[in-house]
Amino acid sequence: MNYGITFSPFLSLPLLLAVGVLALVLAGLLLASRTRGAVFRALALAVGLLALANPSFTREEREPLTSVVAVVVDKSASQSFGERTQQTEAARAALAERLGKLSGIEVRTIEADAGDGSADGTRLFSALSAGLADVPPERVAGAIMITDGRVHDAPENPQALGFSAPVHALVTGRAGERDRRVALEKTPRFGIVGQKQAVTFKVTDEGAPAGARVVVTIRRDGEVIARPTVTAGRSASVDVDITHAGPNIVEFEVPALDGELTLVNNRTAVAIDGVRDKLRVLLVSGEPNVGERTWRNLLKSDANVDLVHFTILRPPEKQDGTPINELSLIAFPTRELFQTKIKDFDLIIFDRYAQQGVLPQVYFDNIVRYVRAGGAVLVAAGTDFIDTGSLYNTPLEEILPGVPRGEATDAPYYARLTDPGKRHPVTRALPGSESEPPHWSRFFRVIDAQARSGTSLMSAPGDKPVLLVDRVGEGRVALLLSDHIWLWARGYEGGGPHIDLLRRLSHWLMKEPDLEEERLKLTVAGRDLVVERQTMADSVPAATVTTPSGARRTLTLTQAEPGLWRAATPADELGLWRAANGTLTALANIGPLNPKEFAEVTSTRDVLAPVAAATGGGVWRLADLAGSVPRLVQVSASDRLAGEDWMGLRTRDVSVVRGIGLFPLFAGLSGLLLLLGALTAAWVREGR
């Protein structure tokens, strides 16, 4: 119960002051002139002035509030190393027991970085501020942190804490811990396919003598490409060949150090996106045809394609009497294209091309060798494929996946996806294929052929292949057995997905990674890590995912669509993740290249010592306390809040008003009696 007095003047403050000054002057004149009863008159003036001030007695009913102690528990990944988890839980239980014996204390346990893995580094002070956001600063008695000491948001100015109370730290781990790590210093984001990119890295031995010689294993997409020996503590660089478009995963791994704390930071990786400088495509058209512009428009619309297009308008055997010097046609540079520079092309397309004496047989031999060495050929066939000048009657016969039967079927039909075509990345989920009949226009011709190798992706009635794809040596071949795809481009009967089909087909031939039939991929979607498996098989085995900390998870893949299987797992750790499915592997790095959480993992007292000293707190190693915690002492008025074996909590005298009583002194009868008493005393004294 608290008592006090308050004023609620009937007059404004300036007017009340003016009346007070006037009363003081009158009282002074009365006393100076020694007028009889001057003292009592002055007293009457004072009582009147007090009545105008309207004083009141107050009575407050207060309820004391508890002091708040924050116990911040570090749940970051580095706390799982060694015996730190056991030390943390033991200290947490001991603190809970001792704090429970103190009176007037409210304990708030705050877990920092509790499993989302999204923050870069350990942020205990951010968690502390969030946990005490609804607590007035005057109620905070102190904060106790249980951590390995690697805190990445420690404030330089203690005023930033927002309260005046000690910050104590109980450090897990042991002195003299050792760790080896490899970190990336300079990494390119992109690289031109076929060129080299330099990656700079550094191996650091913490807690061990500097200058050790370390063998670093460097892998690209899981394949070892180098094993350089470097000096620990010094930066080193390696040139990496960018072999394909899309992510080139470059992984660095170092062997374990004797007595090392953890292996989680002995491996790191970077994804360098391979970009083709220009996709060089050679398009050779036979005599002009209505579908020729479809191919040209498609390839010219892609800014990444460097197109070389020739149309055979005048074969050598043509004799019409026109003088050579009057011809405006460009001679077909056969030797330059098919002998000197054939390896410069990523794809060669023959569009309704028939032998007309332009290309000697030896150049077709060059094309076969080009494909087997990794090149790509697409034959868009028409009736030329069944004539005597067919490309099948050249050395290309040994690499083409279809054998012509010598005739064509001219009848309307819908080109439908085959069962393998529904799973193949080139035709999977092709727009319009989900309905029956397919939601695209009909074709009116198919070249009858027998598939002898490869995969049939589209077919005509009677299981006649329309689109065949095959792998030959290191290269790829495709055979399109209809010359009516231009109907889709022209919008006949609503058209069809010619752009999707032809672009996917071209990029599959040029080995686009996303269009591989057998592929394992790791991607991050929100807080999940998604495992995707592309396959032509009817089923897939379970995938094994290895977390950055080395734990393994087995995921059952479910079919998302034909040829595509998918599963997800929480991405709750920063660092390098690895997935394996059969013979395929995939890597993904979550978070920054060099996570702060794993940059320095040895425990330390140095980071929190300045904050503790500035707030009067202390820092102790749990390993030095024989499994206990320092004594807890409530301190009311002292700047010393920590000792060798004790930690102080500031005592707070904070309360909240639950009720209030008010008694005006000059209200009613009491005020009237006071005024009359003062006036009567002045009158009696004056009348004597």
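Which strands each supply at least two residues of the lining of the largest pocket? Before selecting them, note that this is a predicted model, in which local features need pLDDT of at least 70 and side-chain atom pairs count only at pLDDT 80 or more, while totals for chains, interfaces and linings use all residues. Residues are numbered from 1 along each chain as its sequence is written, and side-chain values use heavy atoms, with hydrogens and water left out.

**The largest pocket**

Select β15 (246-253), β16 (267-275), β27 (519-525), β33 (575-581) and β34 (584-590), which each supply at least two residues of that lining; strands (E, at least two residues) and helices (H or I, at least four) are DSSP runs, numbered from the N terminus. The pocket has a volume of about 1100 Å³, and of the 36 residues that line it, D221, H244, P247, I249 and R519 are the closest to its centre. A pocket here is an open set of points on a 1 Å grid over the protein atoms alone, with protein on both sides within 12 Å along at least five of seven lines, whereas a cavity is a set where a 1.4 Å probe fits but cannot get out; lining residues have an atom within 4 Å of a point. Grid points are joined across faces, edges and corners, and a volume is the space filled by probe spheres set on the points.

Colour the pocket lining by type and it divides into 16 nonpolar, eight polar and 12 charged residues, where Asp, Glu, Lys and Arg count as charged, Ala, Val, Leu, Ile, Met, Phe, Trp, Tyr, Cys and Pro as nonpolar, and the others, Gly among them, as polar.

**The largest cavity**

Move next to N289, G291, W295, D351 and D483, which lie nearest the centre of the largest cavity among its 13 lining residues. This cavity has a volume of about 100 Å³.

**The second largest cavity and α10**

Now select V281, L298, L299, D302, V305, R503, S506, H507 and M510, which line the second largest cavity. Two elements, α5 (292-300) and α10, give two or more residues to this lining, and α10 gives the most, with three. About 60 Å³ of space lies inside.

Finally, show helix α10 (residues 498-509) in full: its 12 residues reach 16 Å from first C-alpha to last, close to the 16 Å expected. Nine of the 12 are buried, meaning under 20% relative accessible area with a 1.4 Å probe, protein chains only, and among them are S506, H507 and W508. After α10, look for K511, whose phi is positive, near 65°.

How values were computed:
Expected span 1.5 Å × (residues − 1). Buried < 20%, exposed > 50% of the residue type's maximum accessible area, 1.4 Å probe, protein only.
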